[in-house]
Amino acid sequence: MLRDPEGRLRLGWRVLLFLALFLGVAAFGLLVPLPGIPGATLPVLVAALVAGWVLLAVEGRPPGALGFHLSRAAGRETVAGLALGIGVALLAVAAIALAGGLGWSLTSWEGVTAGSVLLPALGALWLFTIPAFAEEALFRGYPFQALAESWGTGAAVLVTSALFATLHLWNPHLTVLGLLNIFAAGVFLGAIYVRTASLWWVCGVHLGWNWGHGFLTGLPVSGLDLAENPLIEASQRGPDWLSGGGFGPEGSALSVLVLLGVSAAFWRTERIRPEQFGPGALRDAPLWIGRMRPRDRSIEKGRDAATFEA
C-alpha cells in the first residue's frame, strides 16, 4: 500500500505529502499578509517550492530537478518564454479582432511621456509575475513531475490542466468557454514544459500571455481588470462567445482554437527538445525525464544530446 515494486512511495502518498507540506507552509506564510496580488500569491509560490524541494531531497534529487534550474540560461529562457507567451496572446486577440469581436480607440496622448507608459507597463509586468510563477510551481512543479513519472507526460498534462482550470472556478464572469480556455492554456503550458523541461520557459510563457492581454491590449485577464494601457481603450463587440465578454480573450471560442492549435504544434514537433531549449533543466533531470523514450541515448558531456519522444 505504501511503496511500489521499486521501493518508492506510491504516487498517491507522494501527492498527499506534497499537499500537506504545501498547505502547512502556505498557512504559515499567510500569517504575515503582504499587500497586493503579488503579496497574496507569494506564500503560494514559496510553499510550492519548499514542498517540491523537500520531496525531491527525500528522493535524493537536486533542487533544480523541480524545473527551476540555477544557471545563466535561466534568465534567457524566461525572456524567451515571455516573448512566446506575448506572441500567442496577440495571435488569439488578432483572431478575435479579425472576426469582428474586438476594437480599439486611441486615448488622448496629451501629456503622455515615456515614463507615463513605461511605469504602468513595468507595474503590470510585476503584478502578473508572482501569480504566474506561483501557479506554475504549484501545478507544473512537483505534482506534474510525479504524475508524469507514474502515468506518462500526456496524462500529467491533462490532469494538471484540469486542476489548473478548477483553480479559476471562482473568477468573475466565468463561462463554460472560459473554463475550456483555461484548460487549453494548461495544455499549452504543459506542452511547453515537456518540450523544454524548464519551468523558467513555462513561467515566462504564462507571464507573457497575461501581460499581453492585460496591458498590451487592455483587456480583462481571466475575468479580472488588473492592468490598463494608457494609450488605448479596448471595446468588445458581438456575442460573448466571440469577444470573450467580461472574462476577456480567454472567454472566446477563437482563443480555444488558437491555444489547442499551438499546443498540438509544440507537442508534435521534434525540433524543440529539452537538451536544446532547457539544457540546465535536463542536467538536473526532472523526474519525468525517465519516462521519455530516447531514440539515441548519447547524452554525454561534450556531445549533442538525444532527441526525445514523449
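This is a short tour of the salt bridges and one helix pair in a predicted model.

**Stop 1: R14**

Start by selecting R14, which sits in helix 1 (residues 11-30). Is R14 buried or exposed? Its relative accessible area is 4%, so it counts as buried, the cut-off for that label being under 20%.

Now add E59 to the selection. The side chains of R14 and E59 form a salt bridge, with 3.4 Å from N to O. To find E59, look in the loop between helix 2 (36-58) and helix 3 (73-98). The two partners are 45 residues apart, so if you colour by residue number, expect this pair to link distant parts of the chain. E59 is partly exposed, at 26% relative accessibility.

**Stop 2: E149**

Keep R14 on screen and bring in E149. Here is another salt bridge to the R14 side chain, at 2.8 Å from N to O. Which helix does E149 come from? It belongs to helix 5 (residues 142-151), and the two positions lie 135 residues apart in numbering terms. Again, distant parts of the chain are linked. Both E149 and R14 are buried.

Show R14, E59 and E149 together: salt bridges with shared partners join them into one network.

**Stop 3: E136 and R140**

Next, select E136 and R140. Their side chains meet in a salt bridge too, 2.8 Å from N to O. E136 is buried, and R140 is buried as well. How many salt bridges does the model have? The count is 3.

**Stop 4: helix 6 against helix 7**

Hide the side chains and switch to cartoon. Select helix 6 (residues 153-167) along with helix 7 (residues 176-196). Two packed helices are described by the angle between their axes and the distance between the axes. For this pair the angle is about 140° and the axes are 8 Å apart. That makes helix 6 and helix 7 oblique to each other, because only angles over 145 degrees count as roughly antiparallel. Turn the view to look through one helix at the other, and you have a right-handed crossing.

Bring the side chains back for the contact itself. On the helix 6 side, pick T153, V157, L158, S161, A162, F164 and A165. Facing them from helix 7 are residues including L179, I182, F183, V187 and V194. G186 and G190 are also among the helix 7 residues in this contact.

Finally, colour the contact by residue type. What is the make-up? It comes to 13 nonpolar and 4 polar residues, with no charged ones.

Terms used: Residues are numbered from 1 along each chain as its sequence is written. This is a predicted model: local features need pLDDT of at least 70, side-chain atom pairs count only at pLDDT 80 or more; totals for chains, interfaces and linings use all residues. Side-chain values use heavy atoms; hydrogens and water are left out. A salt bridge is a side-chain nitrogen of Lys or Arg within 4 Å of a carboxyl oxygen of Asp or Glu. Helices (H or I, at least four residues) and strands (E, at least two) are DSSP runs, numbered from the N terminus. Buried means under 20% relative accessible area, exposed over 50%, partly exposed in between (1.4 Å probe, protein chains only). Axes are lines fitted to C-alpha atoms, for helices over the stretch in contact, and angles run from 0 to 180 degrees between N-to-C directions. Angles under 35 degrees count as roughly parallel, over 145 as roughly antiparallel, 65 to 115 as roughly perpendicular and the rest as oblique. A crossing is left-handed if the near helix is turned anticlockwise from the far one by less than a right angle, and right-handed if clockwise. Contact means heavy atoms within 4.5 Å. Ala, Val, Leu, Ile, Met, Phe, Trp, Tyr, Cys and Pro count as nonpolar, Asp, Glu, Lys and Arg as charged, and the others, Gly among them, as polar.
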